Amino acid sequence: MQQIPELLFVALDHYRYPSPYDEQRALAPLPPGVTSLLASPQNCLSDEHIADTAAALAVTEKDCRAALLRYIQLLLFDSPVDHYRVLGVERSASQELIRQHYDYLDQLLRAEWQADHGDWAALHEGAVEQAYTVLGNPASRVKYDVAQAG
């Protein structure tokens, strides 16, 4: 059985018990474990492991994936536009981590199972592409950082 990221438990709680404070979560610093959460569609939520993960969490497969999408939206996309936040990385992130998170998000946006969630991908892929275009290039990243600081 694949290891279940701790943030997936948090995601399920937010999914099952929405809170009026969820909007504040979008303004808080990113929690530890975002990389593991973004990687979960290739690991514990992959087609190969989703049944075991859902059984271990006592939820349906659909709820596992819906909770993941809702929590990623809450953490990365519902906050004021910040390219670092959209990619789920801190400002000090390496270029390698920025690329890794972009790849995870790109795969998630193109996952066949997320088509059950309406236009979720269409709503967010532009922000992900724009964030990676800026942060994936070291020179444009420096310009972005200077503009944000000023």
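User: How do I read the way two helices pack, say H5 and H8? What angle do they make?

Analyst: Start with the two axes: look at the angle and the spacing. In this predicted model, helix H5 (residues 61-77) and helix H8 (residues 120-135) pack at about 35°, and their axes are 12 Å apart. The crossing of H5 and H8 is left-handed.

User: Which residues in H5 and H8 meet?

Analyst: On the H5 side, find Leu69, Ile72, Gln73 and Phe77; they meet Trp120, His124 and Val128 in H8. Sort the residues of this contact by class and you get five nonpolar, two polar and no charged.

User: Okay, next: pockets. How do you find one, and what volume does the largest pocket have?

Analyst: Here's the idea: rolling a probe the size of a water molecule over the atoms shows where empty space is left. The largest pocket here comes out at about 200 Å³. Its lining has 13 residues, and Ala28, Pro29, Leu30, Asp82 and Arg85 lie nearest the centre. By class, that lining holds eight nonpolar, one polar and four charged residues.

User: Now zoom out. How many helices and strands does the protein chain have?

Analyst: Nine helices and zero strands, so the pattern along the sequence reads α-α-α-α-α-α-α-α-α.

User: And why does the radius of gyration agree with a compact globule?

Analyst: Compare two values. A compact globule of 150 residues would come out near 15 Å, and the protein chain has 15 Å, so they agree. For the overall extent, the C-alpha atoms fill a box of roughly 50 × 35 × 25 Å along the principal axes.

How values were computed
Residues are numbered from 1 along each chain as its sequence is written. This is a predicted model: local features need pLDDT of at least 70, side-chain atom pairs count only at pLDDT 80 or more; totals for chains, interfaces and linings use all residues. Side-chain values use heavy atoms; hydrogens and water are left out. Axes are lines fitted to C-alpha atoms, for helices over the stretch in contact, and angles run from 0 to 180 degrees between N-to-C directions. Helices (H or I, at least four residues) and strands (E, at least two) are DSSP runs, numbered from the N terminus. A crossing is left-handed if the near helix is turned anticlockwise from the far one by less than a right angle, and right-handed if clockwise. Contact means heavy atoms within 4.5 Å. Ala, Val, Leu, Ile, Met, Phe, Trp, Tyr, Cys and Pro count as nonpolar, Asp, Glu, Lys and Arg as charged, and the others, Gly among them, as polar. On a 1 Å grid over the protein atoms alone, a cavity is a set of points where a 1.4 Å probe fits but cannot get out, and a pocket is an open set with protein on both sides within 12 Å along at least five of seven lines; lining residues have an atom within 4 Å of a point. Grid points are joined across faces, edges and corners, and a volume is the space filled by probe spheres set on the points. The radius of gyration is taken over C-alpha atoms; the globule rule is 2.2 Å times the number of residues to the power 0.38.
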